[in-house]
Amino acid sequence: MTEHVEWSEPEAGPAPVPAAVTPADAADAARLVAFGLQPKLQPARDQEYTELLRRYREDPAFARLADAVAAGLGLVVLEVSPRAGMAVTAAEDSVFAVRMGDYARRTSADGGDRFLHGLAHLAVAAMAFPRPEDLADDAYIGRVSVNGVDAFVRQACRRLEERAEETGENTDPATDAPGLEAAWRIWVRRSATGATKDARRLAGSTTGIVGKAVAFLTDSGFLQRTGDENGGTYRTTARYQLQVRDMAGSAAMAELLELGVVPVTDGTPTLLPAEDTEELVADAGLPFHS
């Protein structure tokens, strides 16, 4: 007679208790976030930064802790990698958020110019990354110039005016009227360089406004200056690509790209040929992308 033996699953042991977070862990996580708030700091040039990035990628508990520290400061983590470091952007309610009003005051702009400063930043982003695949390619580097961005906006303004005429819309809104189209129309009325005898760039001119925008982006670690030609030439950084990815879904940027002012054929975007009356574009220093 065969004896029947009942088998049962062995009782599961107690779940492993996660290691307690120590003050040292919290300090390291905060240190990593602090590195992320120094956008010009390259991870490859700082051993501690490199080690903390490695720990973030290899230790999920530490990664969660660093993310929590960032979230508590009102920061959104865009990417953590050797190429970009700990790339963060400020949420709207963060103490680190830079609002257009604050930015405009920093550039000594009056209230009516705030739209123009916002448009300058939008135009730089659109020219730097005119195609979705440019944003998706981590190896892509965009290049812009001050004169090229100004010419880009002026051509966009002409497109908007043509579209408004076709639909019978008002093409001459009040100078201080809000809205992006109003800003484009105000832009084309503004002098490109100013009225000085030596044609120096004035802060209130359109190239002066673009110059302020790219200087701010350079100080923020989003652009790197590469030369003085065409009002100043710049190349994008990994951090700027991440920032533009974050804003790529905005209606304003989509509308700007849909105007077709930056056509792309063989992978080298440029401005559309200008009318003979547009003398600025002839020396606009159009960007090349690699």
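**Figure 1. The lining of the second largest pocket in this predicted model.** This pocket has 23 lining residues, and those nearest its centre are Q42, R83, Q224, T237 and A238. A pocket here is an open set of points on a 1 Å grid over the protein atoms alone, where a 1.4 Å probe fits, with protein on both sides within 12 Å along at least five of seven lines; lining residues have an atom within 4 Å of a point. The space in the second largest pocket comes to about 440 Å³, a volume being the space filled by probe spheres set on the points, which are joined across faces, edges and corners. At least two lining residues come from each of β4 (223-227), β5 (233-236) and α10 (238-247). Helices (H or I, at least four residues) and strands (E, at least two) are DSSP runs, numbered from the N terminus. By residue class, the lining holds 10 nonpolar, 7 polar and 6 charged residues. Asp, Glu, Lys and Arg count as charged, Ala, Val, Leu, Ile, Met, Phe, Trp, Tyr, Cys and Pro as nonpolar, and the others, Gly among them, as polar.

A note for reading all the views: residues are numbered from 1 along each chain as its sequence is written. The model is predicted, with local features needing pLDDT of at least 70 and side-chain atom pairs counting only at pLDDT 80 or more, while totals for chains, interfaces and linings use all residues; side-chain values use heavy atoms, with hydrogens and water left out.

**Figure 2. The salt bridge between R31 and E48.** Side chains of opposite charge can pair when their charged atoms come close. The rule used here asks for a side-chain nitrogen of Lys or Arg within 4 Å of a carboxyl oxygen of Asp or Glu, and it gives a count of 13 salt bridges. In the pair shown, the closest N and O atoms of R31 and E48 are 3.3 Å apart. R31 belongs to helix α1 (residues 23-36) and E48 to helix α2 (residues 47-58), so this pair ties together parts 17 residues apart in sequence. Both partners are partly exposed, R31 at 37% relative accessibility and E48 at 38%. For accessibility, buried means under 20% relative accessible area, exposed over 50%, and partly exposed in between (1.4 Å probe, protein chains only).

**Figure 3. K40 and D219 joined by a salt bridge.** The N to O distance between these side chains is 3.9 Å. K40 sits in the loop between α1 and α2, and D219 in helix α9 (residues 206-219), so the pair links parts that are 179 residues apart in sequence. K40 is exposed at 52%, and D219 is exposed too, at 54%.

**Figure 4. R225 with D228, and a salt-bridge network.** The closest N and O atoms of R225 and D228 are 2.9 Å apart. R225 is partly exposed, with a relative accessible area of 44%, whereas D228 is exposed at 60%. Another view takes in D25, D28, R55 and D59, which are joined into one network by salt bridges that share partners.

**Figure 5. The largest nonpolar core.** Which residues have the most contacts inside this core? They are V124, W187 and Y240, in a core of 30 residues. A nonpolar core is a set of buried Ala, Val, Leu, Ile, Met, Phe, Trp, Tyr and Cys residues joined through side-chain atoms within 4.5 Å. α5 (114-128), α7 (146-167), α8 (180-189), α9 and α10 each supply at least two of its residues. The most come from α5, which gives 10.

**Figure 6. Two buried residues, T236 and A63.** T236 is part of strand β5 and is buried, at 4% relative accessibility. Its C-alpha atom is 6.3 Å from that of R143, although the two residues are 93 apart along the chain. A63, in helix α3 (residues 60-72), is buried at 11%. From A63 to L52 the C-alpha separation is 9.8 Å, with their positions 11 residues apart in sequence.

**Figure 7. The loop residue N230 and its phi angle.** N230 lies in the loop between β4 and β5. Most residues other than glycine have a negative phi. For N230, phi is positive, near 55 degrees. This residue is partly exposed, at 23% relative accessibility.
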